[in-house]
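Me: I would like a close look at one part of this structure: the pockets, and the strands and aromatic rings that go with them. Please keep it plain.

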Amino acid sequence: MTLEIFDPDKEEGSMKPNRLNRMAVLVISTMSLAGMSIPANAQQQPQEEQKQPHKQPQQQEPSQKQSEQEQKRRQQQEQKRTRQQAQEEQRQQEKQSQEKERLQRQSEEDQKRQQQQQQERARQQAQEEQRKQQKESQEKERRERQSEQRDERREREAEQQDRRISRQQQQQLIHQQQEEVKQYRRYLEQQESRARDQAEELRRQNRLAQYRYQEEYLEHLRQQQRRLRDERFDYDRDPYFYAAPIYRYRRDGRYYEINRYGANVLRQALHAGYAQGFRAGEADRRDRWRAAYRDSYAYRDASYGYRGYYISRSEYNYYFREGFRRGYEDGYDSRYRYGRYADGNYFMSDNILSQILNFESIR
């Protein structure tokens, strides 16, 4: 290496080195004298260093591209996983939907099968009940025929055993009966207007159940009136008008005698009164009306079922009302304290009926 020493005397026009330059020259000279060498490329290094910043962007381009490719690859993988997950969820949903449809079809089939089984059981039960009802109906008819036969036999036997009253007594009884029938006919003719007034009062009170019951009651009275008008009664052959009394009973502090035909009419009056009283009380209960059996048209009339024969209307009225009062209480309270229900109708209990009539045999 050649060290060039600055000569201050060279070239007139050149700038004189300053003090710093002279010190540098001295330092370098000293280093040379000490045996230290200066690298050959020492002067080139600053130039290379100046060039390196221009090379860095070129070195970074491959790495950036690689990073972008890696990121793109990760995005593609993520998209693939998302797509696969969505497909898997869709398959699961389809599978669940198919399973739900299968269970629903199975449930519908089970329900349909159960309905068919229930219908079959109901059909069999209905057939069994129908057979049972037919059997019961046949048995009931058989018992009724036997009962009628027994009653007819008793009637014949009783007629043979009946002690006859005198002809004069018979004629007197027939005459009284004819007068009773005439009065009853006139009474029935007068009831239509009274019944209409009562029905109008029930409509004003909005007692619909009681109104319907009274209309049925009045229709029955009209039927009684038609039968009484068209009936041709044979007094001479009717056993009531020649059979002697066999019972004694007490009413209003007095004793009365009656034959068995008249006794049956008194029993019928109690049964009819109880049945009509029960329906009247039930109607007031449905109308939420206060219990008041005396306000009922049926109680005031008290001739339901009366044919006009055998006993007087006043006597029939008395026992009808005795049955009506008790039936009304049972119907209003929805119970059977004084009676019973059988064969679609209401009847007074036998023990209550016996207590009211209290027949005493006189034969």
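Reply: Helix 3 supplies six residues to the lining of the largest pocket, the largest share from any element. The model is a predicted one, and the pocket in question has a volume of about 530 Å³. Of its 20 lining residues, the closest to the pocket centre are Leu-173, Gln-176, Tyr-240, Glu-257 and Tyr-310. Two elements give two or more residues to this lining: helix 3, which covers 167-204, and strand 2, which covers 254-258. Sorted by class, the lining holds 11 nonpolar, six polar and three charged residues.

Strand 2 is a good place to go next. Strand 1 and strand 2 run antiparallel and are joined by five bridges. One contact to look for is Arg-250, whose bridge partner in strand 2 is Tyr-255. The two strands form a hairpin with two residues between them, and in the turn Asp-252 has a positive phi of about 55°. Strand 1 also pairs with strand 5 (residues 360-361): two bridges join them, and they too run antiparallel. Here Tyr-247 stands opposite Ser-361 in strand 5.

Strand 1 also takes part in the ring contacts. A pair of aromatic rings is described by the distance of the centres and the angle of the planes. The structure holds 21 aromatic pairs. One of them is formed by Tyr-249 and Tyr-319, with 6.3 Å centre to centre and 70° between the planes, which makes the pair edge-to-face. Tyr-249 lies in strand 1 (residues 247-251) and Tyr-319 in helix 7 (residues 313-333), so this pair ties together parts that are 70 residues apart in sequence. Are these two residues, Tyr-249 and Tyr-319, buried or exposed? Both Tyr-249 and Tyr-319 are buried.

Another pair, Tyr-274 and Phe-278, is tilted, with 6.3 Å centre to centre and 45° between the planes. Tyr-274 and Phe-278 are separated by about one helical turn, because they are four residues apart in helix 5 (residues 260-286). Tyr-274 is buried, as is Phe-278.

Helix 5 leads to the second largest pocket. Four of the lining residues of this pocket come from helix 5, the largest share. The volume of the second largest pocket is about 220 Å³. Its lining includes Tyr-261, Asn-264, Val-265 and Gln-268. Further along the sequence, Gly-305, Tyr-306, Arg-307, Gly-308, Tyr-309, Tyr-310 and Tyr-316 also line the second largest pocket. By class, this lining divides into six nonpolar, four polar and one charged. Tyr-310 appears in both linings: it is among the residues closest to the centre of the largest pocket, and it also lines the second largest.

Two other residues of the second lining, Tyr-306 and Tyr-316, belong to a wider group of rings. Tyr-293, Tyr-299, Tyr-306, Tyr-316, Phe-320, Phe-324, Tyr-328 and Tyr-332 form one aromatic cluster. Tyr-299 of this cluster has a charged neighbour over its face: Arg-321, at 5.6 Å from the ring centre. A similar contact involves Arg-326, which lies over the face of Tyr-338 at 5.9 Å from the ring centre.

Key:
Residues are numbered from 1 along each chain as its sequence is written. This is a predicted model: local features need pLDDT of at least 70, side-chain atom pairs count only at pLDDT 80 or more; totals for chains, interfaces and linings use all residues. Side-chain values use heavy atoms; hydrogens and water are left out. Rings of Phe, Tyr and Trp (its six-membered ring) pair if their centres lie within 6.5 Å; planes under 30 degrees apart count as stacked, over 60 as edge-to-face and the rest as tilted. Buried means under 20% relative accessible area, exposed over 50%, partly exposed in between (1.4 Å probe, protein chains only). A charge sits over a ring if NZ of Lys or CZ of Arg is within 6 Å of the ring centre and within 35 degrees of the ring normal. On a 1 Å grid over the protein atoms alone, a cavity is a set of points where a 1.4 Å probe fits but cannot get out, and a pocket is an open set with protein on both sides within 12 Å along at least five of seven lines; lining residues have an atom within 4 Å of a point. Grid points are joined across faces, edges and corners, and a volume is the space filled by probe spheres set on the points. Ala, Val, Leu, Ile, Met, Phe, Trp, Tyr, Cys and Pro count as nonpolar, Asp, Glu, Lys and Arg as charged, and the others, Gly among them, as polar. Two strands pair if DSSP finds at least two bridges between them.
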